[in-house]
Amino acid sequence: MIKNILIEGIDGGGKSTLAKELKNRLGWDHKALGHRGGDQFDRYLSEYAQCSQTVIERGHISEVVYSQIFGRTQPFTPLQQTILNSIICEQMIIIYAAPNLELAKSRLHDRPGVHQVVNVAQLEKMIGYFDEFIAKLPSSSRIATYRGQNWDELEQLVAAIKAELSHDSIRT
């Protein structure tokens, strides 16, 4: 059964816009999970377990990718990562916000007054890391890709998510 929606992807990918639209149209909660100190496995395990009908913006996938980008120690053992992957694949719709590099660059450039965590040079690496992580998830996972190119695409994705949620509630 689908408990939550997880939105992952690069900076400038449209995650916040998509999260806001899904939250408003579904009447669900919204939670942004960025990096925080402490035991990352316990934190994500707890957050995933406590959330229900929540649009989660950034999860453990971002934690892994940002660790690679900034040369930090990997936050999870292979077993811990497998457990977290299993939870999201079994209980969530995963939306991968993956615009093309030029669109992401322009979005980062057009954010006056917003401190960017990554620079443009890191975006290309980040895209590769996210692509690699998403590709390794089981084929049975509910994964949608969001290119964030226009409002029509957003509307179509929201409609598809609503249909999937409706279909899922009929099955259970």
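How many nonpolar, polar and charged residues does the lining of the second largest pocket have, by class? I started my notebook with that one, and I kept in mind throughout that this is a predicted model.

**Entry 1: the pocket**

I looked up the classes and found 4 nonpolar, 3 polar and 2 charged residues in the lining of the second largest pocket. Its volume comes out at about 170 Å³. I then wrote down the names: Val 64, Gln 68, Gln 81, Asn 85, Tyr 129, Glu 132, Phe 133, Lys 136 and Leu 137 line this pocket. Next I asked which elements give two or more residues to the lining, and they are α3 (60–69), α4 (78–91) and α6 (120–135). Helix α6 has the largest share, with 3 residues.

**Entry 2: the sheet**

I turned to the strands. There are 5 of them in an open sheet, and reading across I get the order β2-β3-β1-β4-β5, with parallel pairing. At the edges I find β2 (29–32) and β5 (142–146), each of which pairs on one side only. I also checked the twist: neighbouring strands of this sheet are turned by 20° against each other on average, direction ignored.

For a closer look I picked one pair, β1 (residues 4–9) and β3 (residues 54–57). These two run parallel and are joined by 4 bridges. If you want a spot to click on, Leu 6 stands opposite Ile 56 in β3.

**Entry 3: helices against the sheet**

I went on to see what lies on these strands. Helix α1 (residues 15–26) lies across β1, β2, β3, β4 (92–97) and β5, and its direction is at about 165° to β1. Helix α4 packs on the sheet too, where it touches β1, β4 and β5. I noted an angle of about 100° between the directions of α4 and β4. So α4 turns up twice in my notes, since it is also among the elements that give two or more residues to the pocket lining.

**Entry 4: aromatic rings**

My last search covered the whole structure and gave 4 aromatic pairs. Why is the pair of Tyr 44 and Phe 76 edge-to-face? The ring centres are 6.1 Å apart and the planes stand at 75°, so the pair counts as edge-to-face. I placed both partners along the chain: Tyr 44 is in helix α2 (residues 40–50), while Phe 76 is in the loop between α3 and α4. They are 32 residues apart, and the pair links distant parts of the chain.

Methods
Residues numbered from 1 in each chain as written. Predicted model: local features only at pLDDT ≥ 70, side-chain atom pairs only at ≥ 80, totals over all residues. Heavy atoms only, no water. 1 Å grid on protein atoms, 1.4 Å probe; cavity = no way out; pocket = protein on both sides within 12 Å on 5 of 7 lines; lining within 4 Å. Points joined across faces, edges and corners; volume = space filled by probe spheres on them. Nonpolar A, V, L, I, M, F, W, Y, C, P; charged D, E, K, R; others polar. Pairing = 2+ DSSP bridges. Axes fitted to C-alpha atoms, helices over the stretch in contact; angles between N-to-C directions. Contact = heavy atoms within 4.5 Å. Phe/Tyr/Trp six-rings, centres within 6.5 Å; stacked < 30°, edge-to-face > 60°.
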